[in-house]
Amino acid sequence: MSMDTSGLNGVMQNAAALYEKSRACLNNFKSWVQLDSSHLSDGRQLAVKYFTVAVILFFAQILFGLLAATQFIYPGFLYEILDFNVNRMIHINAMIVWMLFGFIGSVYWFLEDESGTEVVGLKLGNIAFWVFTGAVTLVVLVYLLVQIGPGKDSSLWFINEGREYIEAPRWADVGIVLVVLIFFYNVVATFSKGKWSGIAGVLTLDLVALAGLYVAGMFYMTNITHEQYWWWWVIHLWVEATWEVLVGVIMAWSLMKLLGVGRKIVQTWLYIEVALMFGSGILGLGHHYFWIGTPEYWLTIGGFFSALEPIPLVAMVVHAVYDAGTHAFKNGNHPALAWIIAQAFGNFFGAGVWGFMHTLPQINIFTHGTQWSASHGHLAFFGAYATINIAFFYLAMQQWRGNVWMGGGSQNAWRWKWALGLLNGGVLGMTIALLIAGYEQSFIERAVEGSTWGGYFAAQNHPSFQNAMAWRLFFGSMTFAGFILLVWDLLTIGKGEARKAPVIIES
Amino acid sequence: MNETPLWASESFWKKTAIWVTAGSFLILVVLTMDSLSKTGAGSKRVPSYAVINKKIDYQYDKALHKSMPVIGENEFLFGKEYTEEEARQWVDLGKKTTQAKNCMNCHTLLGNGAYYAPDLTKAWLDKGWISKDMREDMMVKFLMDPENNARTFGSNRKMPNLTITEQEARGIIAFLKWMSSIDTNGFPYNFKTIEAEE
């Protein structure tokens, strides 16, 4: 049997050439950004790896969001190539995962500082990082290329589970739990070797809940009421309880480091926040149990406790703004502090006010499952979680450059200011546009037309809905522009800055 | 005096945080056990799967001030009566198919999901199927070939072809019929079914 190997050789040569070319590109890029990793400890080098992937996934989130937003206006766009459900799934999954990467990175960022020792299982942490990143890549490729499967268990195990936010196939669920357990081990072992603190204690208990809750969503059930019951355990108790506490922890540490707020003040606030957050958020879960078949008492319990959910967020605003004020906003990293203040307000308005607006069952019966939820979702996820991660990206860049000055009078400060403005303005604009669409849907589809399919489309075809969708795409593009500027700024900020950051001392 | 009062002390709030969290979680666990026991298939709120053998409607109850599912006389699905186990298998196939086809990232089910396509909670009862005689046939055809049986209501939004087999389509319909019988505390509000008189 003879085999023509010239074709194969050609492919090999091309592959080698491509490899060389991409290596050259990477080297050019490295010499352009001029980042020196020797400024970072090993633990922080692991943190910036997580941050890098987080930024890439943030890009994916915005990109697929724009595709889905376009389909609302031009339904034929990418029809049967990349349908709305694929784009929307990647849009929300990329969001969940980039925020998780950001949180894990943020914890690795302060772990050594807070515990006073090196990360114990650094090698394991690095392996977990690559496994997680590889798994995410594979999941997204399957989402894009395979998309759907037959109505069999194998589809749920290897393609997607078809459940909003936790679509990842079952094999990936197992992987996520393993990665979180490795992360959890690293956190606990490092604090045990070094020293424990109030922040460390809250973080540890929160991570137990975070990993444990995910397991609640890993089972298939025929009974959709039961399935959605457990599904909300994961989604709600993650984003409206454990994630919020995680952000409280990250915020507490950053206020100490950024402004020099005293540990006693920060930790007392953290405990107050945990009490209020879990006190309202755990039973606030009930606002997802109004209409899925669960008993009527959830209308009362869910309505009452979820109405209290904004209170801890008010406390967080007071905490951040008051501390920044008493320290006269004096700090060595203006972009990071600006994003932390944006977090305090974004969390309060997005999660607190926008959540409260439609959380009572008397109004929720009209708004549930309309663009109201999308409006709330956009401002809440961005305000509460994107902002704090971006603040940490700036903290990381500062150290990566060798603790340079990033306070007043920095070069090219317009970039971070414009990125801040465009991103916040873009998301706020989308939020308002979606809110208008939600109002219109609640009135026309729900109240007037009685929620039939005919009513649904009557609302979708209405000019005020159509206009809202156009505005959403416009503000989505603004968000995208802000993202591009943000990345450019992150890569260049502090380059060529000779001044060192001031030393912040705990007061 | 420079002492921190009890209510502002770290240890007070630490204890409060622990007790509040533990207490809330305990209540949630108790309520979860209660809710799950009241919503098993075959309970008052979530009927058994064999309900697909019955006529289902959703009517406004003046005394309760909300719409409630109404389960009537026999009305077989695809002209056949199923045992509870057979019915469960059909609903299971349908439910699994809706997940494998990622329906939830366009539609909402029980109001949860994405907002690009209509809610499926009471899809079985929707007037969009024109008449009860045509309903089953229309639904199968639509699910298997949504492009050529498109129901866009003037929106130009078309469901893509999801390579749903006839078996899977029948499963989905069984699942939708069963889901429409769940007591959802009156959601959606003011819904007029295919059974309602104009």
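Buried residues account for 42% of the 198 residues in chain B. Keep in mind that you're looking at a predicted model. As for how far to trust chain B, its pLDDT averages 95, and 98% of its residues score at least 70. The model as a whole comes with an ipTM of 0.97 and a pTM of 0.95.

Now for the overall shape. Chain B has a radius of gyration of 23 Å, whereas a compact globule of 198 residues would come in near 16 Å. Lay a box along the principal axes, and the C-alpha atoms of chain B fill roughly 85 × 40 × 35 Å.

What is chain B built from? Four helices and four strands. Walk along from the N terminus and the elements read α-β-β-α-β-β-α-α. Look next at the contacts in chain B with a separation of 6 or more: 59% of them are between residues 24 or more positions apart.

That leaves the partner. Where chains A and B meet, the contact takes 65 residues from chain A and 71 residues from chain B. On the side of chain B that touches chain A, several elements each supply at least two residues: helices H1 (10–38), H2 (84–100) and H4 (166–179), along with strands S3 (108–109) and S4 (112–113). Helix H1 of chain B gives the most to that side, with 14 residues. Sort the residues of this side of chain B by character and you get 30 nonpolar, 24 polar and 17 charged.

Methods: Residues numbered from 1 in each chain as written. Chains lettered and ligands numbered in written order. Predicted model: local features only at pLDDT ≥ 70, side-chain atom pairs only at ≥ 80, totals over all residues. Contact = placed C-beta atoms within 7 Å. Nonpolar A, V, L, I, M, F, W, Y, C, P; charged D, E, K, R; others polar. pLDDT = per-residue confidence, 0-100. Rg over C-alpha atoms; globule rule 2.2 N^0.38 Å. Buried ≥ 20, exposed ≤ 12 C-beta atoms within 10 Å, placed from the backbone.
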